[in-house]
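This report considers the cysteines, the nonpolar clusters and the backbone of one protein chain. The structure is shown first, and the discussion follows.

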Amino acid sequence: MKKLWFALLSLLAYPLLAALSYLLYIRLLAVDVVLYAALAAAAVALVLQALLLYCFPAWRAFSSLEKCQHLLVCALMGYTLALSVPTVIDRSLSFYILEKLQQRGGGIARSQMDLVFKDEYMREHRLIDIRLTEQLVSGTIRIDHQGCVLLTPRGERLAHFSRLFRHYALPRQRLIAGSYSADLVDPFAHSQAAPDYRCH
């Protein structure tokens, strides 16, 4: 019974350690990509967790397999927290809508939402700069000396995977603005004629 309580307490302690590691990381170090910083902080917390557990005599009562399983559960918790909290809030359009509604006194006319995204969201969140930075750091794009944004082979593979996943694994009847639609399975299908964006 002591082993069970010790395991449960240490599992409850890990998220606190991960949160503390993340807060120290973002306050003390330069961050290129929020997701990578959150994952790095979770990894640091996992190492600290293992070192702390090693100091407790109760930890010695666990078999090697139990210790590995325990640390694996902590690692999965760290990964889940990194994806579910800072990364989602940093990237989420849904959270932006809530924050913008709050900023504007609790309500915005539905007919003006397009303008909010075009005129405010892109500028306030420096959306293009942030997303290009993430892609550069991830190695999926490069920018040549003429300022042309180009896919790398890795980016090509990810784009191919994304299009396949979208086509075969996204819902064909998805509720969008009050009706069910398959529009997001192939969002380029109804693209309007646009200027020639290609590099020359």
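Cys74 is buried, because its relative accessible area is 0%, and buried means under 20%. The structure is a predicted model, and the values below are computed from it.

**Cysteines**

The sulfur of Cys74 lies 12 Å from the closest cysteine sulfur, that of Cys68, which is too far for a bond. For Cys55, the closest cysteine sulfur is in Cys74, at 15 Å, and this distance too is too far for a bond. Unlike a buried residue, Cys55 counts as exposed, because its relative accessibility is 59%.

How many disulfides does a search of the whole structure find? The search finds 1. This disulfide is formed by Cys148 and Cys199, with sulfur atoms 1.6 Å apart. The link of Cys148 and Cys199 is right-handed, with 95° about the S-S bond. Cys148 is in the loop between strand 1 (141-143) and strand 2 (149-151), and Cys199 is in the segment after strand 4, so the disulfide ties together parts 51 residues apart in sequence. The accessibility of four cysteines is set out below.

| Cysteine | Relative accessible area | Class |
|---|---|---|
| Cys55 | 59% | exposed |
| Cys74 | 0% | buried |
| Cys148 | 6% | buried |
| Cys199 | 47% | partly exposed |

**Nonpolar cores**

Cys74 also belongs to the largest nonpolar core, which has 6 residues in all and is completed by Tyr14, Leu17, Ala18, Ala42 and Ala45. Helix 1 (2-28) and helix 2 (34-55) are the elements that give two or more residues to this core. Helix 1 provides the largest share, 3 residues. Within the core, Ala42 is in contact with Tyr14; Ala42 also touches Gly78, when neighbours within four places in sequence are left aside. A second, separate core has 5 residues, among them Ala7, Leu53, Trp59 and Phe62.

**Nonpolar surface patch**

Nonpolar side chains also occur on the surface. There, Leu81, Val85, Val88, Ile89, Phe95 and Leu98 form a nonpolar patch, and together they have about 470 Å² of accessible area. Which elements each supply at least two residues of the patch? They are helix 3 (64-91) and helix 4 (93-103). The largest share, 4 residues, comes from helix 3. Phe95, one of the patch residues, lies in helix 4. Phe95 is partly exposed, because its relative accessible area is 35%.

**Backbone at two loop residues**

Two residues that are not glycine merit a note on their backbone angles. Arg126 has a positive phi of about 45° although it is not a glycine. Arg126 is located in the loop between helix 5 (113-124) and helix 6 (127-138), and this residue is exposed, with a relative accessible area of 54%.

Ala177 likewise has a positive phi, of about 50°, and is not a glycine. The loop that holds Ala177 runs between strand 3 (174-176) and strand 4 (179-181). Is Ala177 buried or exposed? Ala177 counts as exposed, because its relative accessibility is 76%. From C-alpha to C-alpha, Ala177 is 56 Å from Cys55 in space, and the two residues are 122 residues apart in sequence.

Note on methods:
Residues numbered from 1 in each chain as written. Predicted model: local features only at pLDDT ≥ 70, side-chain atom pairs only at ≥ 80, totals over all residues. Heavy atoms only, no water. Buried < 20%, exposed > 50% of the residue type's maximum accessible area, 1.4 Å probe, protein only. Patch = residues over 30% accessible without salt bridge, like charges linked within 9 Å, V, L, I, M, F, W, Y side chains within 5 Å. Areas by Shrake-Rupley, 256 points an atom, 1.4 Å probe, with all protein chains shown as cover. Salt bridge = Lys/Arg side-chain N within 4 Å of Asp/Glu carboxyl O. Core = buried A, V, L, I, M, F, W, Y, C linked by side-chain atoms within 4.5 Å. Contact = heavy atoms within 4.5 Å. Disulfide = S-S within 2.5 Å.
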